[in-house]
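This report walks through a surface patch, a set of salt bridges and a nonpolar core. Please keep the sequence and the model in view while reading.

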Amino acid sequence: MSDAERLRIALDLDGSLESLGNSMDDLADALVATGSCDLVRFRSTQSARANEARLRRRWLHEPAWRRGRGRPIDALLPRADLVHVAGVATPPTRRVPLVISVDDLRPLRGEAHTHQRLTQLRRALARGATLAASSRTASHEVLDVLGVERHQVVVVPPAVPTVAPTLAGDDLVVNVTGALERLVSVAPSLVALAHRLHSRVVVLASADAAAALRATSITMTIRPRHDAREALSHARAVLHLSDGARFPSFAIAALAAGVPTVARSTAINRELLGGAAVLVESHDDAVGALEEIATREARRAVLIAAGRSRAIDFAPATAARAYLDLYRDVVQGWSS
């Protein structure tokens, strides 16, 4: 297939749901904007909306798709050259290749090895599917856990939803994902820092984490994840606390918005955020780093420029170009 030939891609919008929005929606719009492919939008686990392909009896097929079994999805879709999914459903295909984005490693870790995600991915790979890991670090973990050939796992970062620049903000915003104990341990120091800066600590957390935090005596403003855009618009600095299992989309969005960010120096953060965010060796060092980036204007200016430059690597337009290259390679390999 030459680069001039237009691919017809079926993209599952019930995929990577982030606090900033559905990144698959952003990817879909960016793919269309390239003018290089035709797109069939569909939903594997929800009802179709306007301008989306309707899957007949979707509710009947969905339980099997969550196990990597059931009716081939390309039999229910308009004609496509490739199907791309990113959520909990990994339906089989009969006539065209399947690409599966893996942005969350939690189901592949620890006791979750016995759960259906591991089984469904292995089934899909046995039928020739290609996995798109969100980083080199994640790809190594996927390869180790699944025990598959290297060519079956490629690296394509997801689209980070576009956010508006933060023009002025005073809040110290903490994004916590699977690292609640670490937040509790540093929270008193964070609150003390906010008091010195005449600011406040705003925590973005899941419902369970929020309940646990409210049960403590620590005074912080706790907001649900869907308030992420609003919180970012009032941020002076961001602290990203994560278990390292998920793609750091909020941290990258903060860089795009021009908000200096602190994160732990993990393998995935060094790969994706290194040189653009402040990476610390332990969470005990995070508060000091946060104070520095909140108060030193020269340091802030350097980080803002570096962050915005790095965030371009994960913009929807960048992700769309990378996925188009992957689609072409996969379709060519399937046809040969």
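R54 sits in the loop that runs between β4 (37–42) and α2 (58–65). The model is a predicted one. With a relative accessible area of 65%, R54 is exposed, because exposed residues have over 50%. R54 belongs to a surface patch of positive charge, in which R56, R57, R71, R94 and R95 also gather.

The structure contains 16 salt bridges. Three of them are listed here.

| Pair | Closest N to O distance |
|---|---|
| R43 and D14 | 3.2 Å |
| E62 and R58 | 3.0 Å |
| D243 and R246 | 2.8 Å |

R43 and D14 connect distant parts of the chain, 29 residues apart: R43 is in the loop between β4 and α2, and D14 is in the loop between β1 (7–12) and β2 (17–18). Both R43 and D14 are buried. Together with E52, these two residues form a network of salt bridges.

E62 and R58 are about one helical turn apart, because they are four residues apart in helix α2. E62 counts as buried at 13% relative accessibility, and R58 counts as buried at 15%. D243, by contrast, is partly exposed, with a relative accessible area of 25%.

The largest nonpolar core has 33 residues, and F42, L77, V83, I100, L131 and V142 touch the most other members. At least two residues of this core come from each of β4, β5 (82–85), β6 (98–102), α3 (116–126), β7 (130–133) and α4 (136–146). The largest share, five residues, is supplied by α4. In soluble globular proteins, nonpolar side chains tend to be buried together.

Note on methods. Residues numbered from 1 in each chain as written. Predicted model: local features only at pLDDT ≥ 70, side-chain atom pairs only at ≥ 80, totals over all residues. Heavy atoms only, no water. Patch = residues over 30% accessible without salt bridge, like charges linked within 9 Å, V, L, I, M, F, W, Y side chains within 5 Å. Areas by Shrake-Rupley, 256 points an atom, 1.4 Å probe, with all protein chains shown as cover. Salt bridge = Lys/Arg side-chain N within 4 Å of Asp/Glu carboxyl O. Lys, Arg positive; Asp, Glu negative; His and termini not counted. Charge placed at Lys NZ, Arg CZ, Asp CG, Glu CD. Buried < 20%, exposed > 50% of the residue type's maximum accessible area, 1.4 Å probe, protein only. Core = buried A, V, L, I, M, F, W, Y, C linked by side-chain atoms within 4.5 Å.
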